[in-house]
Amino acid sequence: MEIINASFVSSVADLAKCPPPDKPEFAFIGRSNVGKSSLINMLANRKQLAKTSNTPGKTQTINHFIINEHWYLVDLPGYGYASVSKTLKAGFGKIIDNYVLNRENLDCLFVLLDARLEPQKIDLSFLEWAGSAGVPIALIFTKCDKLSANELAKSMKRYQQVLEKNWEEIPPNFMTSSETRRGKEEVLNFIDEVIRNSQENK
Ligand code: GTP
Ligand code: MG
């Protein structure tokens, strides 16, 4: 699948203000600075559709983009950003918790993980939380351009070993880079497949 057109719909601070849940929807979540907004731009072939920044905590609202006039990509705030973490004690943030648990047309939540890092506690607990709530999840490893093939293979193995402990079956996963566009086709084909399957099941 190619993204032919992509445009901004809304930026809201609350699930209730999101667009009507009448289209397939795919959202991106992960720690601040992991590369959510950059990935959306890479998939959509647009430099500044979603706003990116070197400073963590850039995206603070729920941002909907309509793709090919038919489905939504959603840029979410990061979890685990230091200055807001005090308010996150009970969960991952009110906006995130409410959206993730209650957005009825959410077909897949892509959880982004930095390919360079060892599995981080906060990511593992987010995955466990969302997984046990029955949210459909896929994993996206970001910034793969920053590792050699050898380092990347090692890091993937480490993630696999840790994830196997909690997951009977590891969710679909993709190695990506917003710099080199690695993984673009794979992620878009996956989205296409999910949309087709859900239409068939209706
Ligand atoms: P918040 O909105 O703050 O939660 O961050 P975010 O997850 O949306 O991250 P964003 O896309 O703003 O990217 C953060 C920084 O990482 C920026 O400086 C990006 O240029 C850089 N970055 C993102 N993806 C990649 C990638 O695949 N490779 C490299 N080398 N840098 C990346
Ligand atoms: Mg962002």
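**Ligand site, pocket and cavity**

Helix 1, spanning residues 36–44, contributes five residues to the lining of the largest pocket, the most of any contributor. The model is predicted. The pocket encloses about 710 Å³ of space. Its lining comprises 30 residues. Gly35, Ser38, Thr52, Ser53 and Ser178 lie nearest the pocket centre. Polar residues number 16 in this lining. Ten further lining residues are charged, and four are nonpolar.

The largest pocket is occupied: ligand 1 sits there. A shell of 22 residues surrounds ligand 1. Lys36, Ser38, Asn54, Gly57 and Asp145 are the closest of these. Ser38 thus appears in two lists, being among the residues nearest the pocket centre and among those closest to the ligand. By class, the shell around ligand 1 holds 13 polar residues, seven charged residues and two nonpolar ones.

Several polar contacts to oxygen atoms of ligand 1 were computed. At Lys36, a polar side-chain atom lies 2.7 Å from a ligand oxygen. Lys36 is also one of the residues closest to ligand 1. At Ser178, the partner is a backbone N or O atom, again with a ligand oxygen, at 2.7 Å. At Gly35, a polar backbone atom is 2.9 Å from an oxygen atom of the ligand. Taken alone, ligand 1 has 650 Å² of accessible area, and the protein covers 90% of that area. Gly35 and Ser178, which both make backbone contacts, are also among the residues nearest the centre of the largest pocket.

Enclosed space was examined next. Rolling a probe the size of a water molecule over the atoms shows where empty space is left. Across the whole structure, the search returns one cavity of 30 Å³ or more. The volume of the largest cavity is about 40 Å³. Leu124, Leu127, Glu128, Val162, Leu163, Asn166 and Trp167 form its lining. Two elements each give two or more residues to this lining: helix 3 (121–132) and helix 4 (149–166). Five of the residues lining the largest cavity are nonpolar, one is polar and one is charged.

The two sites can be set side by side. The largest pocket has 16 polar, ten charged and four nonpolar lining residues. For the largest cavity, the corresponding counts are one polar, one charged and five nonpolar. Helix 1 gives the most residues to the pocket lining, whereas helix 3 and helix 4 each supply at least two residues to the lining of the cavity.

Conventions
Residues numbered from 1 in each chain as written. Chains lettered and ligands numbered in written order. Predicted model: local features only at pLDDT ≥ 70, side-chain atom pairs only at ≥ 80, totals over all residues. Heavy atoms only, no water. Near = heavy atom within 4 Å. Polar contact = N/O pair within 3.5 Å; in protein donor to acceptor, adjacent residues only side chain to side chain. Areas by Shrake-Rupley, 256 points an atom, 1.4 Å probe, with all protein chains shown as cover. 1 Å grid on protein atoms, 1.4 Å probe; cavity = no way out; pocket = protein on both sides within 12 Å on 5 of 7 lines; lining within 4 Å. Sits in = over half its atoms within 2 Å of the grid points. Nonpolar A, V, L, I, M, F, W, Y, C, P; charged D, E, K, R; others polar. Points joined across faces, edges and corners; volume = space filled by probe spheres on them. Helix = DSSP H or I, 4+ residues; strand = E, 2+ residues; numbered from the N terminus.
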